[in-house]
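Good morning, and thank you for coming. I shall take you through a structure that is new to this group, starting with one position and then widening the view.

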Amino acid sequence: MSTVTAKSQREHRVTQRSLAARKRRHEPFSMLTAYDFTFARIFDEAGVDVLLVGDSLGNVVQGEDTTLPVTLDDVVYHTRLVARGVRRAMVVGDMPFGSYQVSPEDALRNAIRLVKEGGAHAVKLEGGVAMATTIERIVAADIPVMGHVGLTPQSIHRMGGYRVQGRTDSERERVLADAKAVEVAGAFAVVLEGMPTELATQITSELEIPTIGIGAGVDCDAQVLVMHDMLGLSDWAPSFVKQFANLGAVASQAARQYIEEVVNRKFPGDEHGYR
Ligand code: KIV
C-alpha cells in the first residue's frame, strides 16, 4: 500500500476528534452494537460510524436475563472479532460489571486489556459522578472513554428494573450532574439511555461532547441501537426501538425451506455436487 493510500485511509477513520467535529457541525452520527466479524464488516461497509461491543452481548448472544454475568474475557473476545471486520468505524469495547468498579487502577488495567488484546479504539463504562475518578484515570493513560448515564442496565438491582430515569425533579438533577461529571472527567462522548426527550435535549445542548441517545429522543448528537433489536432478531424489543428489517423472519423461512428440500432430496442439486 502506498504511503498516500495508507494516509488517506487513516484520515477517514472515525476518531474522537472527527466525532467532536460532527457535533460542532450539527451532523448526527450513528452507532450500532456488533459482536462478530461478519456483522462488523457489513456495518462498517454500510458506513456506521461507531461499533459498540456492548455488554448487551449477555442478553442477545449469551441468552442471559441481564448483562451482569458478562465477563471481561467475553468482551475482549468479541471485541477482537469486531475489530478484525472494521476499516473505518471506531470500535468501542464495553466494560462489563465488575471490571471497573473495584478501583481506578483495576479499571485502567482492564481497559488496557480491551485495547491491547481486543483491539478497541475506546472503552465505555456506566455511571456518572461516582465514576469520574475512574474515567480520569483511564483517560490519563490515553484511552478514550465513552460515558453512559440515565438508565444504566448494570444498575438494575438499584433501579428496581429497567426504568426510565429523570422523570422527577431530583432524578433529573442527578442525571444532569452525572452527564456533566462524565464530560469534566474527560470522556469524549456519553450515551444517554432511557430518559425523557426533554432532559436529553437539555443535556445535549449543555455538553460540549457528543451525546448518543437510546430511548432519549431525536435531539441527541447520535443514536445507538442494539443490532438484534433493529434487525428483528430479538424475541422482544423495547418501545423506543425501530425495527429496520425482519432478519428473524427471513432466517426462519430459509431454515424451513432448507428442511423441506433436505427431507425431500431436492437439495443438494447436481449443481451443488463435485465431479
Ligand atoms: O451494551 C450495550 O449494548 C449498550 C448500548 C445499549 C448503549 O450499552
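**A glycine in a loop, and its surroundings**

Gly-232 sits in the loop between helix H11 (227-230) and helix H12 (247-263). Please bear in mind throughout that we are looking at a predicted model. Is Gly-232 buried or exposed? Its relative accessible area is 10%, and because buried means under 20%, Gly-232 counts as buried. As for what surrounds this glycine, if we leave aside neighbours within four places in sequence, Gly-232 is in contact with Gln-243, Ala-245, Asn-246, Leu-247 and Gly-248. A further distance may help you to find your bearings: Val-250 is 18 residues from Gly-232 along the chain, and their C-alpha atoms are separated by 9.6 Å.

Let us now step back to the chain as a whole. It has 12 helices and eight strands. Its C-alpha trace spans about 70 × 50 × 35 Å along the principal axes. For 275 residues, a compact globule would have a radius of gyration near 19 Å, and the 20 Å of this chain agrees with that. Buried residues make up 47% of the 275. Among contacts with a separation of 6 or more, 57% join residues that are 24 or more positions apart.

The surface and the charges deserve a word as well. About 14400 Å² of the chain is exposed, and carbon and sulfur atoms supply 54% of that area. There are 29 positive and 35 negative side chains, and the centres of these two sets lie 5 Å apart.

I turn next to three of the helices, beginning with H2. Helix H2 covers residues 16-24, and its buried residues are Leu-19, Ala-21, Arg-22 and Lys-23. The cover over them includes S1, S2, S3 and H10.

Helix H5 runs over residues 72-84, which is 13 residues. From its first C-alpha to its last, H5 reaches 18 Å, close to the 18 Å expected at 1.5 Å a residue. Which residues of H5 are buried? They are Leu-72, Val-75, Val-76, His-78, Thr-79, Leu-81 and Val-82. These buried residues pack against helix H3 (37-46), strand S2 (50-53), helix H4 (57-60), strand S3 (90-94) and helix H6 (104-116).

Helix H9, residues 169-185, has 17 residues. At 1.5 Å a residue H9 should span 24 Å, and its end C-alpha atoms are indeed 24 Å apart. Buried in H9 are Glu-171, Val-175, Leu-176, Asp-178, Ala-179, Ala-181, Val-182 and Ala-185. They pack against H7, S5, strand S6 (189-193) and helix H10 (197-206).

One residue of H9 may be singled out, namely Arg-172. With a relative accessible area of 30%, Arg-172 is partly exposed, because that class lies between 20% and 50%. Apart from neighbours within four places in sequence, Arg-172 is in contact with Gly-166, Arg-167 and Leu-199. Pro-96, by contrast, is 76 residues from Arg-172 in sequence and 25 Å from it in space, C-alpha to C-alpha.

Finally, some remarks on the backbone. Most residues other than glycine have a negative phi, and most peptide bonds are trans. Against that background, where does His-26 lie? His-26 is in the loop between helix H2 (16-24) and strand S1 (29-33), just after H2, and takes a positive phi of about 55° although it is not a glycine. With a relative accessible area of 73%, His-26 is exposed.

Asp-142 is another such residue: it is not a glycine, yet its phi is positive, at about 70°. Asp-142 is found in the loop between helix H7 (132-140) and strand S5 (145-150). Its relative accessible area is 69%, so Asp-142 is exposed as well.

A glycine also belongs in this part of the talk. Just after H9, Gly-186 takes a positive phi of about 110°.

The last point concerns a peptide bond. Which form does the bond from Phe-267 to Pro-268 take, cis or trans? The bond is cis, with omega near 0°. Pro-268 lies in the segment after H12, and H12 is one of the two helices that flank the loop of Gly-232, where we began.

Definitions and conventions
Residues are numbered from 1 along each chain as its sequence is written. This is a predicted model: local features need pLDDT of at least 70, side-chain atom pairs count only at pLDDT 80 or more; totals for chains, interfaces and linings use all residues. Side-chain values use heavy atoms; hydrogens and water are left out. Helices (H or I, at least four residues) and strands (E, at least two) are DSSP runs, numbered from the N terminus. The radius of gyration is taken over C-alpha atoms; the globule rule is 2.2 Å times the number of residues to the power 0.38. Buried means under 20% relative accessible area, exposed over 50%, partly exposed in between (1.4 Å probe, protein chains only). Contact means heavy atoms within 4.5 Å. Accessible areas come from the Shrake-Rupley method with a 1.4 Å probe; for residues, only the protein chains shown count as cover. Lys and Arg count as positive and Asp and Glu as negative; His and the chain ends are not counted. The place of a charge is taken as NZ of Lys, CZ of Arg, CG of Asp or CD of Glu. The expected span of a helix is 1.5 Å times one less than its number of residues.
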